[in-house]
Amino acid sequence: MILALVLCGFISTAAWSQEVKKETKVFETKMEKFSSKTGTISKFVDFRLPDLKTAYTNAETRVRKLMSGAETLYFYQIEKKGQYSNTTASIEYTDLLEVIKALKTLTQEIEKDIAGNPDYLENKFVTTDGFQLGYYVEKGKSTWYVKLEKYGTDNTLFIKDRTVIESAFGEARAKIEDLRK
């Protein structure tokens, strides 16, 4: 009888105990993965570039050289200063090359999209880290934008002239290629 009670108590405790929650996978950018290696010394070196002129404000830009152990990666960073915090995009060099290709493709499509006279149209490219480059068409006019981070608010820069983006990305690519020599 006592054995039956103990067994019932054990079974009910096991049945009513809380489930062990599995760790949720946290989204990590390439920069976070590379710079957070345990047991490795990481060094950051920044090289300032001209500000990115946007419709409402200017964003600071730089190339960040990141050395971790024997490896070195380069990132183009765009930082938007906010009232309470800053938002920063860190675009790894190979992703920057893809963004530049995407910009050329988007540039070829924009006139056709404007001519279609949609109520609203959005065309964009997104990197694996969540950086977005694109434009939207509304009332016959286009506006370019970059979204710096995948999550959060106040992380979008609106740019009136596409050539501003082309120039900024071209300067970043040139600086990284110069540093890689």
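User: Which residue in S8 is the bridge partner of Tyr145?

Analyst: This is a predicted model. S7 and S8 pair in the antiparallel sense, over four bridges. Within S8, the residue bridged to Tyr145 is Phe158.

User: Which side chains along S8 point to the buried face?

Analyst: In a regular strand the side chains alternate between the two faces of the sheet. S8 shows this alternation, with Thr156 and Phe158 pointing to one face and not buried. The side chains that point to the other face and are buried are those of Leu157 and Ile159.

User: Why is one side of S5 and of S8 left without a neighbour in the sheet?

Analyst: The open sheet has four strands in the order S5-S6-S7-S8, with antiparallel pairing. Strand S5 (121-126) and strand S8 (156-159) stand at its edges, so one side of each lacks a neighbour because each has a single partner strand.

User: How many bridges join S5 to S6, and which residue in S6 is the bridge partner of Asn123?

Analyst: S5 and strand S6 (residues 132-138) run antiparallel and are joined by six bridges. On the S6 side, Asn123 has as its bridge partner Tyr135.

User: What angle does the direction of H3 make with that of S6?

Analyst: Helix H3 (residues 93-115) packs on the sheet that holds S6. H3 touches S5, S6 and strand S7 (141-147) there. Its direction and that of S6 make an angle of about 5 degrees.

User: Which strands are the edge strands of the sheet S1-S2-S3-S4?

Analyst: This is an open sheet of four strands with antiparallel pairing. Its twist averages 25 degrees from one strand to the next. The strands that pair on one side only are S1 (42-53) and S4 (86-92).

User: Which residue in S4 is the bridge partner of Lys80?

Analyst: Strand S3 (residues 71-81) pairs with S4 over seven bridges, in the antiparallel sense. For Lys80, the partner in S4 is Thr87.

User: What angle does the direction of H3 make with that of S4?

Analyst: H3 packs on the sheet that contains S4, where H3 touches S3 and S4. The directions of H3 and S4 make an angle of about 90 degrees.

User: What pattern does the protein follow along the sequence?

Analyst: The protein has four helices and eight strands. Read along the sequence, these give the pattern α-α-β-β-β-β-α-β-β-β-β-α.

User: What share of the residues is buried?

Analyst: A residue counts as buried at under 20% relative accessible area. Of the 181 residues in the protein, the buried ones make up 34%.

Notes: Residues numbered from 1 in each chain as written. Predicted model: local features only at pLDDT ≥ 70, side-chain atom pairs only at ≥ 80, totals over all residues. Heavy atoms only, no water. Pairing = 2+ DSSP bridges. Helix = DSSP H or I, 4+ residues; strand = E, 2+ residues; numbered from the N terminus. Contact = heavy atoms within 4.5 Å. Axes fitted to C-alpha atoms, helices over the stretch in contact; angles between N-to-C directions. Buried < 20%, exposed > 50% of the residue type's maximum accessible area, 1.4 Å probe, protein only.
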